[in-house]
Amino acid sequence: MFNLSINNYYIMKKTGLLFVGVLSLTALTSCGDAELAEKAEGTWQTTLNMKNEEGMPYKQTQIYSFTNDKNSGKDGGTFVEYLTNVAKEEEEGIVVNYTVTSTITGSWEVLFGDLCITYNLSSLDVNVDEVNYKLSDDVSPGMALDYWSASIDAAMEGYELIDRNELKKEIRKEVYNSLLDEYKKFNADREENGSVFADLKIENGIMSFMTSDVGCMEFKRVE
């Protein structure tokens with residue numbers, strides 16, 4: 001009985017030390033998360049040179065505006081994501097240049113040093129501006145002749161060869177559906193696999209984290 005009591009004592013002592021260690025680690029992590037959440041509040045911007053599915057290059061400006069809600073019970077709050085894509089597409093010898101802007105809101109939290117984001121899908125809004133089109137530089141002489149002939153006929157009859165308003169609607173619909181699918185997938189991955197922006201760091205006006213597709217992303221703080 002005496003030996004059993006001694007064993008129980010040491011088991012309780014070791015378990016207690018382990019429990020205190022876990023509590024200390026949790027407290028330190030929580031403190032670090034709270035500090036990161038405070039530093040993250042504000043507006044951050046980055047610019048990426050990317051390619052679409054057809055391999056056409058485009059430039060994307062991405063902005064996050066974080067609000068830290070200290071009454072939410074977590075180290076985070078709400079955010080707005082702004083995207084600006086300056087892109088072009090080519091089809092049947094016509095090059096279309098356009099600018100797409102989009103906004104979406106959501107919630108964010110710093111958890112164990114990672115940035116956890118959930119998008120509010122119903123808040124997605126997409127606008128298309130600065131739509132222009134021209135003949136491709138490498139188009140055949142015959143197609144170029146047909147293009148200019150059709151353009152002259154359209155101008156004489158008082159309309160554009162390509163309806164820009166209809167083109168805007170078509171581009172907006174395509175981009176909206178593409179972004180919505182992307183955000184849906186992100187939310188699903190977040191719920192099913194715990195996907196996060198890993199290893200959040202904020203130092204000297206630079207915020208960085210790791211993503212599964214791009215890798216390390218860096219944002220600069222902006223006013």
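**View 1. Five glutamates, E53, E91, E92, E170 and E174, form a negative surface patch.** A patch here is built from residues that have over 30% relative accessible area and no salt bridge, with like charges joined within 9 Å and nonpolar side chains (Val, Leu, Ile, Met, Phe, Trp, Tyr) within 5 Å. For the sign of a charge, Asp and Glu count as negative and Lys and Arg as positive, while His and the chain ends are not counted. The model is predicted, so that local features need pLDDT of at least 70 and side-chain atom pairs count only at pLDDT 80 or more, whereas totals for chains, interfaces and linings use all residues. Residues are numbered from 1 along each chain as its sequence is written, and side-chain values use heavy atoms, with hydrogens and water left out.

**View 2. The loop between strand 3 and strand 4 holds E92 and also G93.** Strand 3 covers residues 76-91 and strand 4 covers 94-111, where strands (E, at least two residues) and helices (H or I, at least four) are DSSP runs numbered from the N terminus. E92, a member of the negative patch, counts as exposed because its relative accessibility is 69%, whereas G93 is buried, with a relative accessible area of 13%. Buried means under 20% relative accessible area, exposed means over 50%, and partly exposed lies in between, for a 1.4 Å probe and protein chains only. G93 and K134 are 41 residues apart along the chain, and their C-alpha atoms are separated by 8.7 Å.

**View 3. E130 and N204 each have a positive phi without being glycine.** Most residues other than glycine have a negative phi. E130, with phi near 55 degrees, is placed in strand 6, residues 125-135, and is exposed because its relative accessible area is 59%. N204, with phi of about 50 degrees, is placed in the loop between strand 7 (198-203) and strand 8 (206-210), and N204 is exposed as well, with a relative accessible area of 80%.

**View 4. Two salt bridges within helices link E35 with K39 and D189 with K185.** A salt bridge is a side-chain nitrogen of Lys or Arg within 4 Å of a carboxyl oxygen of Asp or Glu. In the pair E35 and K39, the closest N and O atoms are 3.6 Å apart, and because these residues are four apart in helix 1 (residues 2-40), they are separated by about one helical turn. E35 is partly exposed at 43% relative accessibility, and K39 is partly exposed at 34%. For D189 and K185 the N to O distance is 3.1 Å, and these residues, four apart in helix 3 (residues 164-193), are likewise separated by about one helical turn. D189 is partly exposed at 22%, whereas K185 is exposed at 54%.

**View 5. K201 and D199 form a further salt bridge.** The closest N and O atoms of this pair are 2.6 Å apart; K201 is partly exposed, with a relative accessible area of 38%, and D199 is also partly exposed, at 41%. A search of the whole structure finds five salt bridges, including this one.

Notes
Areas by Shrake-Rupley, 256 points an atom, 1.4 Å probe, with all protein chains shown as cover. Charge placed at Lys NZ, Arg CZ, Asp CG, Glu CD.
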